[in-house]
Amino acid sequence: SIETILSQTYDRFELIIVNDGSTDETGDKLKLYKSHKKIKIFEQSNTGLPNALNRGFREASGELFTWTSSDNVLKEDALKILVEEIQKNPEIGLVFGDFEIIDSSGNQIDSDNNWRFYDRKLKNPSHVKLTKAKICDKHVPINYIGPYFLYRSELSKMLDRYANVPG
C-alpha cells in the first residue's frame with residue numbers, strides 16, 4: 001500500500017501513517033520509511049480504527065483528505081483522477097469512484113466469489129460499480145463508499161464543530 005501511494009503521478013501529498021499498536025512486523029517495515037520526506041509516522045497503543053483515523057486527520061495539514069488501509073493498493077493515477085474531479089467542482093465536498101477487488105496474490109476475483117455481488121459488473125466481476133447517489137438508498141442494501149474517495153478537509157472541520165454543539 002505504501003509503495004503504491006508513493007508511486008502516484010499526483011505527487012502533492014503527505015502520507016500519514018498511524019501504527020495503531022500492531023503486534024506483527026509493521027513497526028519494522030515502517031522503519032524503512034522513517035526518513036522519507038512525504039511520510040509522517042505515528043506510533044500509538046491500539047485504540048481502534050476510529051481513534052487511529054482521528055489521530056491521522058489531526059496531524060494532517062492538507063486541504064483534501066482520504067485514507068486507506070494497509071491491504072489496499074492504488075493505481076498510479078488514482079489520486080490525480082480524484083483531485084482533478086474535486087477541483088473541477090468547487091461546490092462538491094466529496095468524490096468517489098468504482099474499485100476492483102483482488103485476492104491476497106493480487107489477482108482479480110472471479111465470478112465464483114460472492115463479495116458484494118449486487119454491485120459487480122458482469123463483464124468483469126472484480127469491478128465494483130457504485131450506484132448514483134440519488135438512487136443509492138432505494139436500490140442497494142448498503143449505502144457504501146469504497147476505498148477510493150477524496151473529500152475536502154473543511155468538511156471534517158464542520159463536522160467537528162457540529163459534534164461539539166450541545167443538544
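**A tour from β1 into the core**

Start with the whole protein chain: it has six helices and seven strands (DSSP runs numbered from the N terminus, H or I of at least four residues for helices, E of at least two for strands). This is a predicted model, where local features need pLDDT of at least 70 and side-chain atom pairs count only at pLDDT 80 or more, while totals for chains, interfaces and linings use all residues. Residues are numbered from 1 along each chain as its sequence is written, and side-chain values use heavy atoms, with hydrogens and water left out.

Colour by burial next. Of the 167 residues in the protein chain, 30% are buried (under 20% relative accessible area; exposed is over 50%, partly exposed in between; 1.4 Å probe, protein chains only).

Now select residues 15–20. That's strand β1, and five of its six residues are buried. Add residues 39–44, strand β2: the two pair in the parallel sense over six bridges (pairing takes at least two DSSP bridges). Between them, the chain passes through helix α2, residues 26–31, in a right-handed β-α-β crossover (clockwise from first strand over helix to second, with the strands pointing away from the viewer). Zoom in on Ile 17, which sits opposite Ile 41 of β2.

Then show the largest nonpolar core, 17 residues, where Ile 2, Leu 15, Ile 17, Ile 39 and Leu 150 have the most contacts inside it (buried Ala, Val, Leu, Ile, Met, Phe, Trp, Tyr and Cys joined through side-chain atoms within 4.5 Å). Helix α4 gives the largest share, five residues.

Finish on Ile 39. Beyond its neighbours within four places in sequence, Ile 39 touches Ile 2, Leu 6, Leu 15, Ile 17 and Tyr 33 (contact: heavy atoms within 4.5 Å).
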